[in-house]
Every structure is written in structure tokens, then in C-alpha cells.
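Here is a short report to read alongside the model. Take a look at the sequence and the fold, and then let us walk through a few details together.

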Amino acid sequence: MKGMSEREYAAHSGLSRGGVQKARKNGRLVVHDDGSINAAASDVRRAEMTDPDQQRRSLGGDGLASGPSDTTSYIKARTALTVYAAQERQLAVQKKKGALVDRARAETLVFRLARQERDVWVTWPGRVAALMAAQIMAEVERQSGASVTIETAIMQRVLEAHVREQLDALADLRVSLG
């Protein structure tokens, strides 16, 4: 026998015996006249004819990338893609459950609420000025016994000035949602 048997070549190449038989059938092995396998010539022919991914898988590799390049970048990219897809699904579930809201909608609602609050404060002095003037006049008369008159219009202007100052101070506040 000039070359190796199928079992010997399988041990030599790291292939299973079935893999060696398949390679022989497909013409990827160089065989001597006596049926034995020329190992050196077969290794060269297999390297030329076999897909690198198939070789890597047959040797127990992952077979994810072909060629001499580093497969870790592909694996990292694939992992990142899988993580991103999982995060996307998790966000979709949270949105369906109502745990998440649309940012633009939330900002619009906060702005609308702030605008309503400001409008209520701007109109407040006109609603309470007469009542406050009457309460102050009653309190002064009760404590001093003297009758005092407080003009409602003056009370309203004073209240409006103080409310405007407070609203101006609150205008500097900004809501940050991210």
C-alpha cells in the first residue's frame, strides 16, 4: 500500500471517516492505483477545492466567516445586532404595557400644563383682589377699631406685580426629558 487508508487519512486530516469517503467520491482526494490515499497531494487538493467555511465546520469551528480574516469582529457584530433586536422588542413590550410614552407627546403635555398653570396665575389677582381687600379691611377694623378703605384696583395691581415676578422666575425653569 503506497498511501494511507481512509481511517488513517481521517485521523491525519481531522475529518470523520464519512467525510473522507465523501471527499473521495467528490474527487477532492488524490488516490493511488491501489486505492490508498496520497495524503500530501490530497491535503493540497482539498484546500483548493473545499469551501473554507466547510473546512472550519468539519474541524469543529463555528464556520461563521470565510477566509483568513478574524471571525471575532463578525461574532461581535452579530452579538450587537442580536442585543439591539432584543432591546427593541423589550421597548415595544414596555410601550404596549404603557410603561413608556412618546417623548414628543410628553413634552407637548408638559408645555400645555405649564401654559394652563400660568394662565390661572395671571387671572388670579383679578378674581381675589376684592375679597382680599375686604378681608384686610375687616381685620384692621377688628384689631384697631378704625375703619380703613383699601381700593380693590390698587390691591389687584399689587397682586399682579408680585404674580408677574413669580412667573418670570418660574419661566427660567426648563423640563429635561432626556
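## Salt bridges and helices

Arg103 and Glu107 sit 4 residues apart in helix H6, which is about one turn of the helix. Helices here are DSSP runs of H or I with at least four residues, strands are runs of E with at least two, and both are numbered from the N terminus. The side chains of Arg103 and Glu107 meet in a salt bridge, with 3.3 Å from N to O. A salt bridge means a side-chain nitrogen of Lys or Arg within 4 Å of a carboxyl oxygen of Asp or Glu. Arg103 is partly exposed, at a relative accessible area of 46%, and Glu107 is partly exposed too, at 39%. For these labels, buried means under 20% relative accessible area, exposed means over 50%, and partly exposed lies in between (1.4 Å probe, protein chains only).

Before going further, please keep in mind that this is a predicted model, in which local features need pLDDT of at least 70 and side-chain atom pairs count only at pLDDT 80 or more, while totals for chains, interfaces and linings use all residues. Residues are numbered from 1 along each chain as its sequence is written, and side-chain values use heavy atoms, with hydrogens and water left out.

### The overall picture

How many helices and strands does the protein have? Its secondary structure comes to 7 helices and 0 strands, so from the N terminus on the elements run α-α-α-α-α-α-α. Of the 178 residues in the protein, 16% are buried.

### More salt bridges

The structure holds 5 salt bridges. Three of them are set out here.

| Pair | N to O distance | Relative accessible areas |
|---|---|---|
| Arg17 and Glu6 | 3.5 Å | Arg17 38%; Glu6 15% |
| Arg103 and Glu107 | 3.3 Å | Arg103 46%; Glu107 39% |
| Arg118 and Asp119 | 2.7 Å | Arg118 38%; Asp119 35% |Salt bridges that share partners also join Glu6, Arg17 and Arg24 into one network. Within that network, the side chains of Arg17 and Glu6 meet at 3.5 Å, N to O. Arg17 lies in helix H2 (residues 17-25) and Glu6 in helix H1, so this pair ties together parts that are 11 residues apart in sequence. Is Glu6 buried or exposed? Glu6 is buried, with a relative accessible area of 15%, whereas Arg17 is partly exposed at 38%.

### How H1 meets H3

Two packed helices are described by the angle between their axes and the distance between the axes. For helix H1 (residues 6-13) and helix H3 (residues 39-49), the axes come within 11 Å and cross at roughly 55 degrees. That makes H1 oblique to H3. The axes are lines fitted to C-alpha atoms, for helices over the stretch in contact, with angles running from 0 to 180 degrees between N-to-C directions. Angles under 35 degrees count as roughly parallel, over 145 as roughly antiparallel, 65 to 115 as roughly perpendicular, and the rest as oblique. The crossing of H1 and H3 is right-handed, a term used if the near helix is turned clockwise from the far one by less than a right angle.

### Along helix H6

Helix H6 spans residues 103-144 and includes Val110. Val110 is partly exposed, at 32% relative accessibility. Together with Val175 and Leu177, Val110 forms a nonpolar surface patch of about 230 Å² of accessible area. Such patches are made of residues with over 30% relative accessible area and no salt bridge; like charges are joined within 9 Å, and nonpolar side chains (Val, Leu, Ile, Met, Phe, Trp, Tyr) within 5 Å. Accessible areas come from the Shrake-Rupley method with a 1.4 Å probe, and for residues only the protein chains shown count as cover.

Val122 is also found in helix H6 and counts as partly exposed at 28% relative accessibility. Val122 and Arg164 are 42 residues apart in sequence, with their C-alpha atoms 7.5 Å apart in space. Leu131, another residue of H6, is exposed, with a relative accessible area of 51%. Between the C-alpha atoms of Leu131 and Met155 the separation is 9.8 Å, for residues that are 24 apart along the chain.
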